[in-house]
Amino acid sequence: MGEEDASLGFLKLEIKFEAPPKGDKTVGILHVNIREGRNLVPTSAGGTADPYVKLYLSKDGKDLKTTKQKTAHQRATVDPLFEERLVVYLAHGITLDEAYRLQITVWDNGGRLATNECMGGLSFSLGELASAPIAGWFMLLPEPQCRAMNEPVQGPVGETFSLQRSGSTRSLSIAPKGFRRMTGSFRKSISKLTGKEGHGGSMMDLSSAGTSKKSKDKDSSSMAGSPSSVRRFSLLSKKSKEKEKDEPEPSMASRFARKGDT
């Protein structure tokens with residue numbers, strides 16, 4: 001699988017359907033636990049985002065705005081830890097089938113001066129949620145694809161995931177928390193410093209290149225002003241001063257005589 005499939009990041013959540021007791025005014029209750037996100041797309045120049053999760057019900061593709069709920073937004077992170085539990089009451093008239101879906105989307109909080117931006121999402125039919133509980137990691141999908149499907153991934157983050165899609169299983173490598181892939185331009189700059197080609201040197205290569213450059217500069221500076229050359233210069237200066245001191249200062253008569261000769 002290419003990196004573009006994992007470009008929007010992942011969301012870990014748990015959803016459990018609770019059947020209503022007799023005489024209840026609902027057809028059931030959804031307990032939605034939003035756990036955490038991983039490798040979300042940065043929305044700021046600093047490489048971070050202010051993500052939050054929004055969920056609501058939809059019927060035949062149309063959102064039911066009265067069911068909307070959302071988590072608190074997490075500041076300056078692409079690996080947010082939410083750990084919030086939301087409860088969705090399914091009123092009478094809602095059917096537990098494919099017509100109704102639970103929409104879960106991740107948004108970036110733009111603040112007062114900017115609009116909020118959708119970062120990806122996924123959805124479940126109520127028939128799917130009523131049949132079995134949901135738990136684990138899910139891939140964030142772009143709109144409008146996310147409004148009609150979900151793609152679960154299985155495996156610990158930082159290792160290889162198995163992606164279940166249409167009955168087939170494919171491997172998916174997910175970077176651990178806090179890790180970011182080096183871009184092509186960054187790899188090229190490292191290659192220029194280290195003199196290595198390919199996927200670019202590591203940060204160790206970059207540091208060693210900088211160290212070798214510094215050592216060369218240091219060696220050249222030490223050759224220019226080594227202690228031995230300084231000692232030779234000081235000895236010559238001392239001898240010249242002693243020679244000038246030993247020579248007698250000419251008298252006034254000799255000075256006038258020399259001046260007359262000229």
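A residue counts as buried when its relative accessible area is under 20% and as exposed when that area is over 50%, with partly exposed covering the values in between. The model to which this scale is applied here is a predicted one. Arg35, at 21% relative accessibility, is therefore partly exposed.

Arg35 is a suitable place to begin. Its side chain forms a salt bridge with Glu83, and the closest N and O atoms of the two are 2.9 Å apart. Arg35 belongs to strand S2, which covers residues 26-38, whereas Glu83 belongs to strand S5, so the pair ties together parts that are 48 residues apart in sequence. Glu83, like its partner, falls in the partly exposed class, because its relative accessibility is 42%. The two residues also take part in a wider arrangement, for Glu14, Arg35 and Glu83 are linked in a network of salt bridges.

The structure holds five salt bridges in total. Another of them joins Glu36 and Arg38, again with 2.9 Å between the closest N and O atoms. Here the two partners are both buried: Glu36 has a relative accessible area of 15%, and Arg38 has one of 8%. A further salt bridge brings together the side chains of Arg101 and Glu98, at 3.7 Å from N to O. In this pair the surroundings of the partners contrast, since Arg101 is buried at 12% relative accessible area, while Glu98 is exposed at 56%.

Strand S5 deserves a second look, through another of its residues. Val88 lies in this strand, which spans residues 81-91. With a relative accessible area of 3%, Val88 is buried. Which residues does Val88 touch, once its neighbours within four places in sequence are left aside? Its contacts are Gly28, Ile29, Leu30, Leu55, Leu57 and Gln69. As for Lys68, the C-alpha atoms of this residue and Val88 are separated by 9.1 Å in space, and the two residues by 20 positions in sequence.

Attention now turns to strand S7, made up of residues 117-125, in which Ser123 has its place. Ser123 has a relative accessibility of 0% and is therefore buried. A polar atom of the Ser123 side chain lies 3.1 Å from the backbone oxygen of Arg147. Arg147 is also one of the residues in contact with Ser123 when neighbours within four places in sequence are set aside. The others on that list are Arg101, Leu102, Gln103, Cys146, Ala148, Met149 and Asn150. Arg101, already met as the salt-bridge partner of Glu98, is thus found again among the contacts of Ser123.

Cys146, another contact of Ser123, leads to the cysteines. The structure holds zero disulfides. Cys118 is in no disulfide, and the nearest cysteine sulfur to its own, that of Cys146, is 5.7 Å away. Cys146 likewise is in no disulfide, its nearest cysteine sulfur being that of Cys118. Why do these two not count as a disulfide? The definition requires a pair of cysteine sulfur atoms within 2.5 Å, and the sulfur of Cys146 is 5.7 Å from that of Cys118. The two cysteines also fall in separate accessibility classes: Cys118 is partly exposed, with a relative accessible area of 21%, whereas Cys146 is buried, with one of 1%.

Conventions
Residues numbered from 1 in each chain as written. Predicted model: local features only at pLDDT ≥ 70, side-chain atom pairs only at ≥ 80, totals over all residues. Heavy atoms only, no water. Helix = DSSP H or I, 4+ residues; strand = E, 2+ residues; numbered from the N terminus. Buried < 20%, exposed > 50% of the residue type's maximum accessible area, 1.4 Å probe, protein only. Contact = heavy atoms within 4.5 Å. Polar contact = N/O pair within 3.5 Å; in protein donor to acceptor, adjacent residues only side chain to side chain. Salt bridge = Lys/Arg side-chain N within 4 Å of Asp/Glu carboxyl O.
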